[in-house]
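Student: I am new to this structure and would like a close look at a single part of it. Please take one helix or strand at a time and say where its residues sit and what they touch.

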Amino acid sequence: MRILNGYIAKNLLGTLLMALGILTFVMMSVHLFRIFAMLASGVAPGVLGRVLLCLLPDVLRYALPFSILVSTVLVFSRMSADNEIVALKASGVSLWQITAPALVITLLLCGVGVWLGMVAAPALRYEGEQMRWQAMGENPLALLEPGTVTSLSGQVSIRVGERDPESGLLKDVHIYQLDKGGDTLREITAEACRILPRPEERDLQLTLYRFTIAQRNVASPGEPPPREEEADAGKPLGKSPDFLAGETLTLHLEYGTVQDRKSLGRKLKMMPVEMLMGDLLWNRSQGKEVSRHWYEFHYRLALAFSPLAFLLLGIPFGIRNRRSEAASGLLICLAMALAYYGVILLCEALVKHPALHPEFLIWLPNLLYQAGGLAALANLSRH
């Protein structure tokens, strides 16, 4: 029996590591595009390498369950195609004994998933976010990604259409100035923009070319608009009229306050379990809603134990399918995995409706897959 268990465990671990490596690389590629853009902007490669390492545990949480599913289907479909399952059952080895090594490995991986979700992934993700903002202090232009809105100061955000690598200009620039309520107070657009970082002053000097300014509030009666030479000199605009256009405008935006503020608080996804529970108790004592905290806690646990659900789902598919039918089995399992992650997205959308208890609904796919897998295994063991 020891030889059998070692044989199955060796095959399963080899296939699992291969599938995990491929899936991790595919999932990390989303971050690699951002990293390469920051590298082209002059950020040190060592900093970006550490950022990637900090993102790795979070990616592993999602790659591990599907890797278990793929490796289980491939290993047991090969054993079924080689009639090894039939030979073992004819020798008196039950199906539960055959699947025992896979169950032990998966339970160990569930423990690893709990550690990743509760401790390592949120802490390292927060550390990686801090390193990104530290890179902004050294080179703020690295965070200006084309097509995305980036906060530059407490109430100023910028959106860049594209970069011109030859001239160093940013094109199709939109700058949004918000009021204290978060509503757009003023919008500045420009065909092109040149940004000069000033690390000593912790601000950015923006020179806008062919700009327009539009704002929602109406200027006070009798108050003159700013002169063009004031705009060119970078002086405060004050209360401008509803619309203003010009050739050149120089602004100074401070980014240091945003960087300082980022280090004071954490999102729930970046809190280790001790900090998450402490924040939950604090908000409860203040009479605030804590359903989001409970959902985050249950979400991490459900994702950590999802490899067990995928294992019990994959074993019957693997045993029933021959090697030539493994592709169809993998396709069905892929659909089941997408359905699992679809339920996660649905529960994420239901967080704003705590009466529906998304923290309990997140366990539904785990329970259904485990119950279905156990029923299928019991049926196979009787034949």
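Tutor: Ile 22 belongs to helix H1, which covers residues 2–40. The model is a predicted one. Together with Met 18, Phe 25 and Val 26, Ile 22 makes a nonpolar surface patch of about 430 Å². For scale, the protein exposes about 19600 Å², and carbon and sulfur atoms supply 64% of that area.

From this patch, turn to a residue in another helix. Ser 71 is part of helix H2, residues 45–81. Is Ser 71 buried or exposed? Its relative accessible area is 0%, and buried means under 20%, so Ser 71 counts as buried. Leaving aside residues up to four places away in sequence, Ser 71 touches Leu 12, Thr 15 and Leu 16. The side chain of Ser 71 also has a polar atom 3.1 Å from the backbone oxygen of Ile 68.

The strands offer two further residues to examine. Val 156 is found in strand E2, which runs over residues 156–164. Because its relative accessibility is 10%, Val 156 is counted as buried. Val 156 and Asp 179 are separated by 23 residues in sequence, while their C-alpha atoms are 9.3 Å apart in space.

Ala 190 lies in strand E4, made of residues 184–198. With a relative accessible area of 7%, Ala 190 is buried. What does Ala 190 touch, not counting residues up to four places away in sequence? The list has Asp 172 and Val 173, which precede Ala 190 in number, and then Leu 208, Tyr 209, Arg 210 and Phe 211. Thr 207 is 17 residues from Ala 190 in sequence, and the distance between the two, C-alpha to C-alpha, is 9.6 Å.

These residues can now be placed within the whole protein. The protein has 12 helices and 6 strands. It contains 383 residues, of which 44% are buried; Ser 71, Val 156 and Ala 190 are among the buried ones. Of the contacts in the protein with a separation of 6 or more, 67% are between residues 24 or more positions apart. The contacts of Ser 71 with Leu 12, Thr 15 and Leu 16 join a residue of helix H2 to residues much earlier in the numbering.

Methods:
Residues are numbered from 1 along each chain as its sequence is written. This is a predicted model: local features need pLDDT of at least 70, side-chain atom pairs count only at pLDDT 80 or more; totals for chains, interfaces and linings use all residues. Side-chain values use heavy atoms; hydrogens and water are left out. Helices (H or I, at least four residues) and strands (E, at least two) are DSSP runs, numbered from the N terminus. Buried means under 20% relative accessible area, exposed over 50%, partly exposed in between (1.4 Å probe, protein chains only). Contact means heavy atoms within 4.5 Å. A polar contact is a pair of N or O atoms within 3.5 Å; within protein, one must be able to donate a hydrogen and the other to accept it, and residues adjacent in sequence count only if both atoms are side-chain atoms. Accessible areas come from the Shrake-Rupley method with a 1.4 Å probe; for residues, only the protein chains shown count as cover. Patches are made of residues with over 30% relative accessible area and no salt bridge: like charges are joined within 9 Å, nonpolar side chains (Val, Leu, Ile, Met, Phe, Trp, Tyr) within 5 Å. A salt bridge is a side-chain nitrogen of Lys or Arg within 4 Å of a carboxyl oxygen of Asp or Glu.
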